[in-house]
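Reader: Could you take me through one spot in this model up close? I'd like to start from a single side chain and then zoom out.

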Amino acid sequence: MEPSGLRALLSPRCFVLDNWLKNKPGNTELKLPYCYIMKLKGEELFKPDEINAIIKEFNEPGTLAPTGLFLAGAKYMVIQGEAGAVIRGKKGAGGICIKKTGQAMVFGIYDEPVAPGQCNMVVERLGDYLVDQGIKMSWQAYVDDHLMCEIEGNHLFAAAIIGHDGTIWAQSATFPQVKPEEITAIMNDFNEPGSLAPTGLYLGGTKYMVIQGEAGAVIRGKKGPGGVTVKKTAMSLIIGIYDEPMAPGQCNMIVERLGDYLLEQGF
């Protein structure tokens, strides 16, 4: 049986698991006892320190080796994986495989008669697919329906949701092509508020004068009658670019409202 509440936690992502993880590789029917996709923040199903330890292992390979990998209280001996990408563990005749994507972790737990390689194959295959797709799913709808929405007859000029690593999750057709160093500089300012002030904020080659924001949470920039608002969430940057006749406060409200919602959802 699945752990209590698992099906509800996954909805509507269950179809992905049904199609990718519970299949028949080769001639052997593969039935993983548990398989799930988890936001990097983790779910109530597991202990926060277990998820934090797994994320730390992805960021600092080798940290789990001395203590083992714990999940829902079960301990797995860490075996050879792929540094920063795949963690594998063994427990008796069974084990676990965890694949990290840009925004999630894909888990597969197996036991006999499933072989370790079979579990690895289905978990990593789905993980690779999600990496390729950027887990877009509904992100474009957030841009189209929530960022590019009308407010008092006005719209943002452009908007995007971008991962902390610079990966574009979704964007409007008008959003400029950003450079990796521009996202790095923005992330640095969130971590070290004030670092952008001397040079200005660059986005798609356009320079914005940094104005008062919220240290570590919101960066605001101005260029002539227009400007930009960047809201940092747990996993992403919500960016809105505006121009006349939209007012700065309207842009702030749209961007920060969506950012606050995504923070509440663990993104």
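Which residue's side chain does the side chain of Lys-99 join in a polar contact, and at what distance?

Author: Sure, and keep in mind that this is a predicted model. The partner is Asp-128: its side chain and that of Lys-99 make a polar contact of 3.0 Å. Lys-99 belongs to strand E5, which covers residues 94-100. Its relative accessibility is just 8%, and since the cut-off for buried is under 20%, Lys-99 counts as buried. As for what surrounds it, if you skip the neighbours within four places in sequence, Lys-99 touches Phe-58, Ala-85 and Val-86, then Ala-104, Met-105 and Val-106, and also Val-123, Glu-124, Gly-127 and Asp-128.

Now let's zoom out. The chain has 267 residues, 46% of them buried, and its secondary structure amounts to seven helices and 13 strands. Of the contacts between residues at least 6 apart in sequence, 50% link residues at least 24 apart.

Elsewhere in the chain there's an open sheet of seven strands, with antiparallel pairing, in the order E8-E7-E13-E12-E11-E10-E9. Strands E8 (168-171) and E9 (201-203) sit at the edges, each pairing on one side only. On average, neighbouring strands here are turned by 25° against each other, ignoring direction. Within that sheet, E11 (residues 218-223) and E12 (residues 226-232) run antiparallel and are joined by six bridges; Lys-223 has Gly-226 in E12 as its bridge partner. Helix H6 (residues 180-191) lies across E7, E9, E11, E12 and E13, at about 65° to E12.

Key:
Residues numbered from 1 in each chain as written. Predicted model: local features only at pLDDT ≥ 70, side-chain atom pairs only at ≥ 80, totals over all residues. Heavy atoms only, no water. Helix = DSSP H or I, 4+ residues; strand = E, 2+ residues; numbered from the N terminus. Buried < 20%, exposed > 50% of the residue type's maximum accessible area, 1.4 Å probe, protein only. Polar contact = N/O pair within 3.5 Å; in protein donor to acceptor, adjacent residues only side chain to side chain. Contact = heavy atoms within 4.5 Å. Pairing = 2+ DSSP bridges. Axes fitted to C-alpha atoms, helices over the stretch in contact; angles between N-to-C directions.
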